[in-house]
Amino acid sequence: MNIEELIKEVLFIEEGTQLTNETGPNDIEAWDSLGHVDIITAIEDEFDIEISPEEIGEISTIGDIKKMLAKKDINPE
Amino acid sequence: MKPESIVEGFFRSSETQPDKTAIIWKDEKITYASVSEYVRKAAAFLKQMGIKKGDRVAFYGDKNPLFAYTYLATHLLEAVAVPLDVKLPEDRLKELLIQTEPGIVLHPTKVDHPFQQLPFSEEVLLSSAPLGDFNLPAGGDLADLLFTTGTTGNAKGVKLTQQNILAGAVNSNEFIGNDASDIEIIPLPLHHAFGLRRLRTNLFLGATVILVDGFMFPKHFFDAIEVHAATGICMVPSGFSIVKKLMKDRYIPHFKKLKYIEFGSAPMSLDEKQELAVELPKTRICMHFGLTEVAANILIEFHEVGEKLHALGKPSPNVSVNILGDDGEEKTVGEIGEIVVKGDIQTPGYWKKPELTQKSFINGWFRTGDLGYKDTEGYVYLSGRKDDVINVGGKKVFPAEIEEVLNQHSAVKDSAVISVHEGGKITGKSIKAFVVVKGKEQPLPKDLITFLRGKLEPFKIPGEFKFISKIPATASGKKQRDKLK
């Protein structure tokens with residue numbers, strides 16, 4: 001599953017909604033602070049990793065999530 | 001003489017300490033003198049738009065200094081502030097406006113309604129010369145109309161007088177011990193009763209507030225603690241859970257520097273309370289129980305109560321709390337009844353809802369709709385919401401009790417329990433549990449039942465389980481069990 005699909009599933013976003021690397025909390029209503037935690041948790045479960053507070057601090061868009069995963073040699077595309 | 005209103009206290013602070021920072025927002029530091037000038041500018045503008053004593057001013061509840069200017073400016077004109085949730089859908093917004101008939105609506109979205117409307121912006125609100133002459137509001141004047149969560153057609157506007165909001169500030173300060181020297185982080189929405197009370201309280205005292213965006217980026221308020229030497233923060237329990245999830249135990253060294261934390265608006269797990277009490281031994285960790293109608297009427301400090309961390313606490317300073325039966329008779333120690341509240345914080349009632357207002361009071365006490373009991377030392381405990389109580393064959397079952405046990409199961413992240421019948425049948429099958437699991441594996445209902453046996457009486461064990469992804473909750477984290485029915 002790619003990151004966009006994972007976020008759509010976690011936040012119950014309608015099919016057909018376009019998500020890009022620039023998409024972040026300001027673009028999706030359900031991506032509030034609780035949604036943010038759900039996304040982080042889902043990524044940790046999906047890729048069996050632990051995301052550190054420092055890494056979380058750098059995440060504010062889908063592109064940031066991909067960058068963080070790339071540093072861990074994970075390419076979900 | 002003591003000030004009669006929040007805005008009066010604010011102006012006194014502006015005169016005695018004009019150069020002190022009142023609000024920190026992003027990279028901006030705004031002094032008391034500047035806030036005072038902007039408040040008088042906004043008041044002059046609103047006056048030009050025809051706003052006078054008693055008129056409602058409906059404005060966008062955005063978290064920025066303009067909110068504070070507009071709020072205080074409204075009070076300066078002896079008018080009534082109606083802060084609007086920024087997430088309000090258009091139909092709800094329209095409903096609230098039609099109900100309140102505001103003299104002006106300040107909102108970024110143009111909505112089809114018959115009232116005067118302008119964008120909520122500095123260009124609009126701060127365009128006039130500061131107001132010179134004004135009358136400060138009196139204690140009995142209506143100050144705010146705050147709308148509590150409700151479904152469409154159900155919006156309730158809680159009326160709060162100047163005296164009510166002043167008492168809310170004075171009572172909680174007395175308990176928490178914060179003063180003009182404090183610097184408080186407000187990550188809460190300002191249209192909501194808790195965040196708004198903290199904003200009012202600090203500006204009334206002459207303290208400094210730091211407005212930050214929610215809990216999503218904990219780094220923002222950790223920075224606020226380090227860079228601005230913040231001494232306090234107000235939080236909802238779900239906000240703390242988010243911080244813990246995102247930052248793990250890295251929150252501890254930062255929070256240790258705080259003089260106080262005020263929690264409230266929703267229950268907090270005993271585990272989290274204990275953790276905070278241990279990790280932050282020198283911080284005053286206070287938690288309020290309250291409603292918009294009777295702000296922070298019960299307070300607790302986590303280090304002071306020993307084994308009684310599961311209590312709501314004791315009545316706040318200057319507030320009386322009692323436990324009454326439906327007949328209005330006082331319950332004895334340990335007996336469950338409705339928690340009722342009396343004091344200067346008490347709302348005079350609901351906007352244009354005389355029947356609801358009448359039902360909400362009993363012998364001068366405000367009925368919270370929450371059930372609880374008192375112990376011999378006067379601590380008050382919560383049993384559940386009156387509306388949520390499940391009747392199993394005449395026995396009262398409180399969903400919170402079942403949920404607390406269910407949440408202790410290793411696979412359960414959260415749960416909500418409801419009644420699935422009307423009229424009080426005898427079997428336990430009348431209880432249904434909605435469960436959010438921690439990982440991907442769903443436990444079997446029979447395993448959950450086995451887990452609950454021995455921990456709960458048999459009639460309290462749910463007969464039906466449904467697995468869902470999220471428990472519906474209000475913005476402040478209160479479970480909305482009615483949405484599961």
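Reader: What makes helix α1 of chain A largely enclosed by the rest of the structure?

Author: In this predicted model, 7 of the 9 residues of helix α1 (residues 3-11) of chain A are buried, so the helix is largely enclosed by the rest of the structure. Buried means under 20% relative accessible area, exposed means over 50%, and partly exposed lies in between, with a 1.4 Å probe and protein chains only. Helices are DSSP runs of H or I with at least four residues and strands are runs of E with at least two, numbered from the N terminus. The buried set consists of Ile3(A), Glu4(A), Leu6(A), Ile7(A), Lys8(A), Val10(A) and Leu11(A), and these residues pack against α2 (33-47) and α4 (62-71) of chain A.

Reader: Which rules of numbering and confidence apply here?

Author: Residues are numbered from 1 along each chain as its sequence is written, while chains are lettered from A and ligands numbered from 1 in the order in which they are written. Because this is a predicted model, local features need pLDDT of at least 70 and side-chain atom pairs count only at pLDDT 80 or more, whereas totals for chains, interfaces and linings use all residues, and side-chain values use heavy atoms, leaving out hydrogens and water.

Reader: Why is chain A called as compact as a globular protein of that length?

Author: Chain A has 4 helices and 0 strands, in the order α-α-α-α along the sequence. Its radius of gyration is 11 Å, close to the 11 Å that the globule rule gives for 77 residues, so chain A is as compact as a globular protein of that length; the radius is taken over C-alpha atoms, and the rule is 2.2 Å times the number of residues to the power 0.38. The C-alpha trace spans about 30 × 25 × 20 Å along its principal axes, and 53% of the 77 residues count as buried.

Reader: What makes the pair Lys53(B) and Asp141(B) a salt bridge?

Author: A salt bridge is a side-chain nitrogen of Lys or Arg within 4 Å of a carboxyl oxygen of Asp or Glu. The closest N and O atoms of Lys53(B) and Asp141(B) are 3.4 Å apart, so the pair meets that criterion. The two residues are 88 residues apart, Lys53(B) in the loop between α2 (32-48) and β3 (56-60) of chain B and Asp141(B) in the loop between α5 (122-125) and β7 (142-148). Asp141(B) counts as buried, at 12% relative accessibility.

Reader: How do you know that Glu101(B) is partly exposed?

Author: Its relative accessible area is 40%, which falls between the two limits for buried and exposed, so Glu101(B) is partly exposed. Glu101(B) also forms a salt bridge with Lys352(B), the closest N and O atoms being 2.6 Å apart. Glu101(B) lies in the loop between α4 (90-100) and β5 (104-106) of chain B and Lys352(B) in the loop between β18 (349-350) and α12 (354-359), so the pair ties together parts that are 251 residues apart in sequence.

Reader: How do you know that Lys273(B) has no salt bridge?

Author: The nearest side chain of opposite charge to Lys273(B), that of Glu404(B), is 8.9 Å away, so the distance criterion is not met. Lys273(B) is nevertheless buried, and it is found in helix α11 (residues 270-279) of chain B. Not counting residues up to four places away in sequence, Lys273(B) touches Met268(B), Met287(B), Phe302(B), Leu309(B), His310(B) and Ala311(B), where contact means heavy atoms within 4.5 Å.

Notes:
Lys and Arg count as positive and Asp and Glu as negative; His and the chain ends are not counted.
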